[in-house]
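Hello,

Here is the structure I said I would pass on. My notes follow below it; please read them against the coordinates.

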Amino acid sequence: MCEVNRSLLEHNRGIALLDELRKQGPLSGVVRSAFATELATVLVGAGRYRDYLSLLDDPSQLVEQKLESLVRLERNYVERRSVDDETLAE
């Protein structure tokens, strides 16, 4: 439990640091990328979608990757299901 609390505290500090740096001006690409990597789950979990997307160089690329991943998952599910159906039919 202590580890979870420590992790949450670190993420809260990360968000606070992000907010503070943004007040000082635009973030460089390297800084945005680092924050996007480290805080993606926390920002999305907190409903700060715009903040997360603003850290990405090309948000549309992320959406395309996620959609492609979903399509692959669906395809794999359908393939496995058809194999299971064939196995049951035997």
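Notes on the model

Among contacts in the protein between residues at least 6 apart in sequence, 41% join residues at least 24 apart. Please keep in mind that this is a predicted model.

The protein has 4 helices and 0 strands, and the order of elements from the N terminus is α-α-α-α. Of the 90 residues, 17% are buried. The accessible surface is about 7,300 Å², with 56% of that area belonging to carbon and sulfur atoms.

Most of my notes concern helix 2. Helix 2 covers residues 29–45, 17 residues. From its first C-alpha to its last it reaches 23 Å, close to the 24 Å expected at 1.5 Å a residue. There is nevertheless a kink of about 70 degrees in helix 2, and the kink is centred on Leu-39. After helix 2 comes Gly-47, which has a positive phi, near 75 degrees.

Which residues of helix 2 are buried? They are Arg-32, Phe-35, Ala-36, Leu-39, Ala-40, Val-42 and Leu-43. The spacing of such a list can be read against helix geometry: an α-helix has 3.6 residues a turn, so residues three or four places apart point the same way.

Next, the core. The largest nonpolar core has 12 residues: Ile-15, Leu-18, Leu-27, Phe-35, Ala-36, Leu-39, Ala-40, Val-42, Leu-43, Tyr-52, Leu-55 and Leu-56. Helix 1 (2–24) and helix 2 each supply at least two residues of this core, and the largest share, 6 residues, comes from helix 2. As background, nonpolar side chains in soluble globular proteins tend to be buried together. Within the core, Leu-18 is a useful residue to display: leaving out residues up to four places away in sequence, Leu-18 touches Leu-27, Phe-35, Leu-39, Leu-43 and Leu-55. Leu-39, where the kink is centred, is thus one of the residues that Leu-18 touches.

Arg-32 also deserves a look. Arg-32 lies in helix 2 and is among the buried residues of that helix. The side chains of Arg-32 and Asp-57 are joined by a polar contact of 2.3 Å. Not counting residues up to four places away in sequence, Arg-32 touches Leu-27, Ser-54, Leu-55 and Asp-57. Leu-27 and Leu-55 are both listed in the core.

Three further residues, with their accessibility:

- Ser-33 is in helix 2. Is Ser-33 exposed, buried or partly exposed? Ser-33 counts as partly exposed because its relative accessible area is 40%, and the range for that class lies between 20% and 50%. The C-alpha atoms of Ser-33 and Asp-57 are separated by 8.1 Å, with the two positions 24 residues apart along the chain.
- Leu-21 is in helix 1. Leu-21 has 26% relative accessibility and so counts as partly exposed; buried would need a value under 20%. Leaving aside neighbours within four places in sequence, Leu-21 is in contact with Leu-27 and Phe-35. Leu-21 and Val-31 are 10 residues apart along the chain, and their C-alpha atoms are separated by 9.8 Å.
- Thr-37 is in helix 2. Thr-37 counts as exposed because its relative accessibility is 60%, and the cut-off for exposed is over 50%. From C-alpha to C-alpha, Thr-37 and Leu-56 are 9.5 Å apart in space, and they are 19 residues apart in sequence.

If you open the model, the kink in helix 2 at Leu-39 and the side-chain contact between Arg-32 and Asp-57 are the places I would view.

Regards

Conventions:
Residues are numbered from 1 along each chain as its sequence is written. This is a predicted model: local features need pLDDT of at least 70, side-chain atom pairs count only at pLDDT 80 or more; totals for chains, interfaces and linings use all residues. Side-chain values use heavy atoms; hydrogens and water are left out. Buried means under 20% relative accessible area, exposed over 50%, partly exposed in between (1.4 Å probe, protein chains only). Contact means heavy atoms within 4.5 Å. Accessible areas come from the Shrake-Rupley method with a 1.4 Å probe; for residues, only the protein chains shown count as cover. The expected span of a helix is 1.5 Å times one less than its number of residues. The bend at a residue is the angle between axes fitted to the seven residues ending there and the seven starting there. A nonpolar core is a set of buried Ala, Val, Leu, Ile, Met, Phe, Trp, Tyr and Cys residues joined through side-chain atoms within 4.5 Å. A polar contact is a pair of N or O atoms within 3.5 Å; within protein, one must be able to donate a hydrogen and the other to accept it, and residues adjacent in sequence count only if both atoms are side-chain atoms.
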